[in-house]
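A fresh page in the notebook, and a model to browse. I will jot down what I look up as I go.

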Amino acid sequence: MPAHALYERHRPLLDDALQALSRRGHWSPFPEAPSPKVYGETAQAQGHAAVQALFGKDYPLRQPGERARVATEQSPYGVALDIRYPECDAQALVDAAQAAEPAWQALGPQGRTGVLVEALTRIHQRSFEIAHAVMLTTGQGAMMAFQAGGPHAQDRALEAIAVAWKAMADVPAEAVWEKPQGKHAPAVLHKRFEIVGRGVALVIGCATFPTWNTYPGLFAALATGNPVIVKPHPNAVLPAALTVSVLRDVLTEQGLDPNLVTLAVSDKPVLTQALATHAAVASIDFTGGNAFGQWLQSNAPQA
């Protein structure tokens, strides 16, 4: 289904989100109760099985600049995850992001919004899978992992998309500017406006709420036309990896370059530092400690 058709498919959900923005009351399209009556009798078991099927294997993700496979997660529950993720060269990830950017920007606000809401609905369908990943990597209880890692994080993503859409919709695509000039013919300009992104966005995740704290920056950057490199915390990679995989699947289905969204995994700070200080990285979304936050402010003035 073309991107603009996806927009029409999800227009009712977007309209409800826009109404919620204007009213500022409670609203959520994503049920927070992990009830079999809502999600189906087998949803929880299937989500757990999908995560467990990844243990001890290479995570199914191929990206440019892969140098090695690394397993960085240690579950507080003592579960041996040993999921091996691609460790990629920073420059290769930036180059791939920049190559994917023009087609994504050319899709326009409506097309981008349709693609992102489609991806978000698929993420919601995998709420139990993502929740189990959040639980095993963060040490949260099952209920908190489901609510904060699933529906509550999805609420934040939808809000980011809706806010971005509203801001972009306020910009006319075309305008005729006409100025009277007395006895002379008026000066007429036919204007065309195109919303462009800032550039490569880096989203740095945290160990405690790897989706809830990541989704706003991720989806806001994408909605406004930017490619995103997601750098998860080394101990909470899987929830981010599952999210990135869904986004890449939807992009591929749309004939777009999946490297618009990539995963940067490493247990060494050098990769994060290289990405954060790269001249092409124009925005950084970070949740974490003061020390690294201050380092970013001091060392990444370009973003």
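**Entry 1: Arg 24 and Asp 82.** I started with Arg 24, which is exposed, with a relative accessible area of 58%. This is a predicted model, so I read everything below in that light. Arg 24 sits in the loop between H2 and helix H3 (36-39). I checked its backbone and found phi of Arg 24 near 60 degrees, a positive value in a residue other than glycine.

I then turned to Asp 82, whose phi is near 50 degrees, again a positive value in a residue other than glycine. Asp 82 belongs to the loop between strand E1 (66-70) and strand E2 (85-88). Its relative accessibility is 39%, so Asp 82 counts as partly exposed.

**Entry 2: the largest pocket.** How much space lies in the largest pocket? I noted about 340 Å³. Its lining is made of 16 residues, and Ala 20, Gly 25, Trp 27, Asp 155 and Glu 159 lie nearest the centre. Two elements give two or more residues to this lining: helix H2 (11-23) and helix H9 (151-169). H9 has the largest share, 5 residues. Sorting the lining by class, I got 8 nonpolar, 4 polar and 4 charged residues.

**Entry 3: the cavity.** Next I looked for enclosed space. A search of the whole structure turns up 1 cavity of 30 Å³ or more, and the largest cavity holds about 30 Å³. Which residues line the largest cavity? I wrote down Ala 100, Ala 103, Trp 104, Leu 251, Leu 256, Asp 257 and Leu 260. Helix H5 (residues 90-106) gives the most to this lining, with 3 residues. By class, the cavity lining has 6 nonpolar residues, no polar ones and 1 charged.

**Entry 4: the nonpolar cores.** A reminder to myself: in soluble globular proteins, nonpolar side chains tend to be buried together. Here, I found that the largest nonpolar core has 65 residues, and those with the most contacts inside it are Phe 219 and Leu 263. I followed Leu 263 and left aside its neighbours within four places in sequence. Among the residues in contact with Leu 263 are Leu 61, Tyr 85, Leu 93, Val 230 and Val 237. Gln 63 and Pro 232 are also in contact with Leu 263, as are Ala 240, Ala 241 and Val 244. There is also a second, separate core of 16 residues, which includes Leu 93, Ala 97, Val 200 and Ala 276.

**Entry 5: the rings.** I finished with the aromatics, where the count comes to 9 aromatic pairs. Phe 286 and Phe 292 make an edge-to-face pair, 5.3 Å centre to centre with 70 degrees between the planes. Are these two buried or exposed? Neither quite: Phe 286 is partly exposed at a relative accessible area of 25%, and Phe 292 is partly exposed at 24%.

Phe 292 also pairs with Trp 295, and this pair is stacked, at 5.5 Å centre to centre and 10 degrees between the planes. Both Phe 292 and Trp 295 lie in helix H13 (residues 290-299), 3 residues apart, about one turn of the helix. Trp 295 is partly exposed as well, with a relative accessible area of 25%. My last lookup was a ring cluster: ring pairs link Tyr 39, Phe 128 and Phe 146.

Methods. Residues numbered from 1 in each chain as written. Predicted model: local features only at pLDDT ≥ 70, side-chain atom pairs only at ≥ 80, totals over all residues. Heavy atoms only, no water. Core = buried A, V, L, I, M, F, W, Y, C linked by side-chain atoms within 4.5 Å. Buried < 20%, exposed > 50% of the residue type's maximum accessible area, 1.4 Å probe, protein only. Contact = heavy atoms within 4.5 Å. 1 Å grid on protein atoms, 1.4 Å probe; cavity = no way out; pocket = protein on both sides within 12 Å on 5 of 7 lines; lining within 4 Å. Points joined across faces, edges and corners; volume = space filled by probe spheres on them. Helix = DSSP H or I, 4+ residues; strand = E, 2+ residues; numbered from the N terminus. Nonpolar A, V, L, I, M, F, W, Y, C, P; charged D, E, K, R; others polar. Phe/Tyr/Trp six-rings, centres within 6.5 Å; stacked < 30°, edge-to-face > 60°.
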